[in-house]
Amino acid sequence: MGNLVDRIIKGDMRAFDDLYMKYKLPVMAILSKSTGVKGDDLIDLFHSCTLALLENCASGRIKEGSLPDYNIRAYLIRTARNIFLAGIRKKERYGKFMLPLDDPDYPGDIEKQLAVDTADPNYEEKIEQVREAVWNMEAPCDELLMLRHFEKRSSEEIASLKGYANGDVAKNMVGRCMKKLKVFVIGKFEELGL
Amino acid sequence: MRIDKDDIEEILEMAIRERGAMERMEALDRQMDARALAAKRRRNWIASVAAACVLLVACGDATLKLHTRSVGNGYEFTDISRGARSGRIENLLNSKEFSAAYKEIQSTREEIREELQHPSYDDPDYLTHLNTDLQELDFMEAIGHLRQGKFFKARKELKAIASAEGTFAKDAESLLRNML
């Protein structure tokens, strides 16, 4: 079967399901004791640290072979605690991209992408606009982009799943959806003066 | 600030991954909650069957023989679930639609065996859960035969469950003791 994280890095989303179901309850139990967080907030915190792990796998921050199964629990707990502390520092709920730039468990380079020098005063608003645009995507773009960027399906696989003639058609459709989304988001930024 | 188109695409990809992961996690949460509820209902059902046995003993009906009393008084199932597979089977047994109940047990058994051959998830807990479901079906079938008055068949089935030392072994042993 292989190490769970290595399988996720290779795009096996069933490994993500296995990891989630295996570690949810034990990690939440430990986090609840150490942070005092309960209920829906605790589930949100677990979601955030799992998202951070997933993003670090996708971005290459976690390399194949670098996180064996016996270290996953500790990794999730450490990441969740950092997110929790960052949330307290920023006095808001556990954001997905809210760790400090220099934190080793930082879930991505999104702040670096948007920052001017060390800070972009509008980055939180920009993040929210991006998130809103993605969550409000309509069919078939939502499904196509998820298949490509979340499930990491190839163009041929997408063509087979969606009944397109071939991989080139699927690639073209995915590209058009991404372009449409990009144009929308850029338009939103300009409209809001971000 | 000038927005670089490449930056936006990378951010959008991250947001798409986030949405995919969130939707997937929410689906997994629902699945885990449903499993926990099913396990709780199963424990409640077992407790109610055991309680019914104790009640029968306390009322002096300690010996359950091939007798209309076992058919009439039988085992009371709690009205647990109207939607889940085990709830449907229990309802059929409660309303004495034994043939339909056994058919449902058999088709459910086949579904679970198929799932065990090609499981949707690799999680060992999921596979254990499926095996427990199979044991539950065997136990319900035995209860059905008992309620139907098929004493010898029920006893044979309960002995097999007891000797398998699975989830329902102790309950089967308890029922067997009451049948002596």
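The points below concern a predicted model with chains A and B.

1. Overall make-up. Chain A contains 9 helices and 0 strands, and chain B contains 7 helices and 0 strands. Read from the N terminus, the elements of chain A follow the order α-α-α-α-α-α-α-α-α, and those of chain B the order α-α-α-α-α-α-α.

2. Burial and surface. In chain A, 51% of the 194 residues count as buried; in chain B, 46% of the 180 residues do. The exposed area is about 9,800 Å² for chain A, with 51% of it supplied by carbon and sulfur atoms. For chain B the exposed area is about 9,500 Å², and carbon and sulfur atoms supply 51% of that.

3. Contacts along the sequence. Among the contacts in chain A with a separation of 6 or more, 58% are between residues 24 or more positions apart. The corresponding share in chain B is 59%.

4. The largest nonpolar core. This core has 37 residues, and A:L19, A:L53 and A:L76 are those with the most contacts inside it. Helices α1 (4-9), α2 (13-35), α3 (39-59) and α4 of chain A, along with α1 (5-58) of chain B, each contribute at least two residues to this core. The largest share, 10 residues, is from α2(A). Another core lies apart from it and has 26 residues, including B:V49, B:I105, B:L130 and B:A142.

5. Surroundings of A:L76. Leaving aside residues up to four places away in sequence, A:L76 touches A:L19, A:Y23, A:V27, A:F46, A:C49, A:T50 and A:L53. Of these neighbours, A:C49 is buried, because its relative accessible area is 0%, under the 20% cut-off.

6. Position of A:L85. This residue sits in helix α4 (residues 69-90) of chain A. A:L85 has a relative accessible area of 43% and is therefore partly exposed. Its C-alpha atom is 9.1 Å from that of A:T35, a residue 50 places away along the chain.

7. Helix α9 of chain A. This helix covers residues 167-192, 26 residues, and spans 37 Å from its first C-alpha to its last, close to the 38 Å expected at 1.5 Å a residue. At its N-terminal end, A:N166 acts as a cap, with a side-chain oxygen 3.0 Å from the backbone nitrogen of A:D168. After the helix comes A:G193, which has a positive phi, near 70°.

8. Buried residues of α9(A). These are A:G167, A:A170, A:V174, A:C177, A:M178, A:L181, A:K182, A:V185, A:I186 and A:F189. An α-helix has 3.6 residues a turn, so residues three or four places apart point the same way. Note that the buried set includes a lysine, A:K182.

9. The disulfide. Over all chains the count is 1 disulfide. The pair is A:C141 and A:C177, with sulfur atoms 2.1 Å apart. The disulfide is left-handed because the torsion about its S-S bond is about -75°. It links distant parts of the chain, with A:C141 in helix α7 (residues 141-149) of chain A and A:C177 in helix α9 of chain A, 36 residues apart. A:C141 has a relative accessible area of 12% and so is buried; A:C177 is likewise buried, at 5%.

10. A further cysteine. A:C57 counts as buried because its relative accessibility is 6%.

Definitions and conventions. Residues numbered from 1 in each chain as written. Chains lettered and ligands numbered in written order. Predicted model: local features only at pLDDT ≥ 70, side-chain atom pairs only at ≥ 80, totals over all residues. Heavy atoms only, no water. Helix = DSSP H or I, 4+ residues; strand = E, 2+ residues; numbered from the N terminus. Buried < 20%, exposed > 50% of the residue type's maximum accessible area, 1.4 Å probe, protein only. Contact = heavy atoms within 4.5 Å. Areas by Shrake-Rupley, 256 points an atom, 1.4 Å probe, with all protein chains shown as cover. Core = buried A, V, L, I, M, F, W, Y, C linked by side-chain atoms within 4.5 Å. Expected span 1.5 Å × (residues − 1). Polar contact = N/O pair within 3.5 Å; in protein donor to acceptor, adjacent residues only side chain to side chain. Disulfide = S-S within 2.5 Å.
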